[in-house]
Structure formats: structure tokens, C-alpha cells
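Open the model in your viewer and keep the selection panel at hand. The tour below moves from strand to helix to core.

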Amino acid sequence: MFQSMRYVYEVYKEMSFSRAAKNLFISQPSLSAAVKKEEEKVGSQIFERSTNPIQLTEIGQEYIRSVERLMDVENSFANYISDLAELKNGSLSIGGTNFFISYVLPPLLSRFTALYPLIHIRLVKATTSELTEKLNTGSLDLLLDNSVLGPEIYDRKTIREEHLLIAVPVSFSTNNQVKQYALTAADIKRGTHLDSSVAPVPMGAFQNDPFLLLHEQNDTRERAMNICRESHFTPQIWPELDQQITAYNLACYGMGIAFIGDSLVQNVPEAKNLLFYKLDNREAVRKVSLYYKRNRYLSKAVTTFMDMI
């Protein structure tokens, strides 16, 4: 039964019988026959073969969801067995956006890999929504993110508190109106913005400037919109982006104002062509956390990594 499911799942991953057969080291006719036999057992087609590439049928989608649940159970048992080897084998999969994978995770992983070099580390880079789906299906152990995920499904371990700032190109004339509030990248790296004596900028001053915001449903986007709304204006948005690091880079080239976490500014090279402003809003403070699925068995590799950091 499990072999048939793995055959079907490999076809689903590749959306191609020929590529799946190559990965499984069997002939394509043998794979097609095995999938056909599984469809007969299910009583319905799993794949719609008339399209290119092939697609899942409605029943096929539910079949794959069931297989992923079984794989989650199987992976949990495999992780339990690896615990018995006292971290002499095992794996750890962590997801994050481009910024977290590139800048935040490397120093966190360095000590762990030095102590446990035989643990296989897999890093997955994608958008928060894509990574949340992977965490939900069990293909990820941990997700490092600054969004707020549903506490009824996920538990978390907080790494640090993050403060949102606005990053404004120095070429924007609005800076002249609020220059007494301006901070440099060096100030942010020193933590100057956390000093209670540093005044927050009146956001309304920027209402006529273009903003570089992320797509809807993104935590930074929702917070940014709420901050602007409480300052009684709707930001001019162009363009909508997938990741915060992209907004930061475009702001560096003078294309608009970006809402940026101080953890990003503290981890990238100093931007000489940006000014930063502190925000006075409850939405400007959030937590960077490692998320894991509630009630899922956590391997010793996962718990040791979380305890270490």
C-alpha cells in the first residue's frame, strides 16, 4: 500500500510520469500500471491526464492530502528512532524567507552544526504563506518568521523582539520637514531607536510619498496599513512585493518608502542613501519566533536546536 502511495506522490511532485519513473528507477509503463491499479482501488482517477502537465482531480487532491498526513506520521516515528542514537544521525528542516535564511539563521546554526555535525540540516527559502503550508503538512520542522501564526495550530519559541521602522530614500524632500527625527543605519545598528528619548516621526508627513509595501495577507503589509490608517492617510503603493528584503533594496535605489524591521537593518551592510524613522504605534513591535506545529512530535534534533538558541 505504501509503495503505491509513494509512486502516486512522486508523480504528483513531478507532475510527469516520465520524470517520476526516472526518480523511482522503474520503467514508465511499470509506474503507469501501478498508478492505474491504485486508481482502480480508489475507484476514481487521481490524475487528469488530458492536460499538459497532468493535474490532480478533486479526489486526487484529497488522496495527496491523506498521503501527506501518513508521511507526517511516518516522519515522526523516524525522528523518534533517531533520538535513540543521541543525535548521531537525524535531520532538521527549517524554513524562512530570503532575509531569515540569508542573515538570521546562519549564526544560529553555526554552533549547533559544530556540536552535531552528523545532523542533516535542510533550509527551505520561500514566502511565509508557502512555508506555513509546508509546516502544516509536516515537510518542515520549524519556521522562523515575524508573522503571527494561529496559536490554535502552532506553538512558538520567541527569538527576539523586532521593531518596525520606515526607510526613506535621502532624495525625498519630505526628509527636510522631519529631519529632527531622522536616524542613520549606524544609529539603528547601535540600537539608538530603542532609547525612549528618541522621538517617533509623525507619519502623516509622508502621506504624499510612494510606499513599497508587500502583498496583502503579509504581516508587515497589514501592520503598515494600520499604522498609516491611524495617521489618517492611505499610502500610495507601488509596486506590491513578496519579501521585505526586496522592498529594502528598492528603497535603497530611491523607489519608495519601505517598512523595515530593525533586525534587517542590523544584519545588512549600512545603507548610506536611506534615512530611518522610529514609529510610535503598537503595530510597530512584533516578535521573531521559531514556529512548530502544535501536538506534533518534535525530534531531539529539533528540541536541542531550540534549547540551544
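Select β6 and strand β10 (residues 274–278) in this predicted model. The two strands pair in the antiparallel sense, over 5 bridges. Show I166: Y277 in β10 stands opposite.

Keep I166 selected and add strand β9 (residues 257–261). Here F259 stands opposite I166. β9 and β6 run antiparallel and are joined by 4 bridges.

Next, colour the whole of β6, residues 154–169, and add strand β11, residues 285–293. This pairing is antiparallel too, with 9 bridges. Find H163, then look across to V285 in β11.

Now go to helix α11, residues 300–308. Which of its residues are buried? A301, V302, T304, F305 and M306 are. Show what these buried residues pack against: β6 and β11 again, plus α4 (58–83), β3 (91–96), α5 (98–115) and β5 (142–145).

Zoom in on F305. Its contacts, leaving out residues up to four places away in sequence, are L92, I94, L105, L108, L109, F112, L142 and L290.

Widen the view to the largest nonpolar core, which holds 44 residues. Which members touch the most others? Select L142, Y248, F276 and F305. Then highlight α5, which gives the most to this core, with 8 residues.

Last stop: another core, of 21 residues, lies apart from that one. Select I166, L213, F233 and I257, which are among its members. I166 brings you back to β6, where this residue stands opposite Y277 in β10 and F259 in β9.

Conventions. Residues are numbered from 1 along each chain as its sequence is written. This is a predicted model: local features need pLDDT of at least 70, side-chain atom pairs count only at pLDDT 80 or more; totals for chains, interfaces and linings use all residues. Side-chain values use heavy atoms; hydrogens and water are left out. Two strands pair if DSSP finds at least two bridges between them. Buried means under 20% relative accessible area, exposed over 50%, partly exposed in between (1.4 Å probe, protein chains only). Contact means heavy atoms within 4.5 Å. A nonpolar core is a set of buried Ala, Val, Leu, Ile, Met, Phe, Trp, Tyr and Cys residues joined through side-chain atoms within 4.5 Å.
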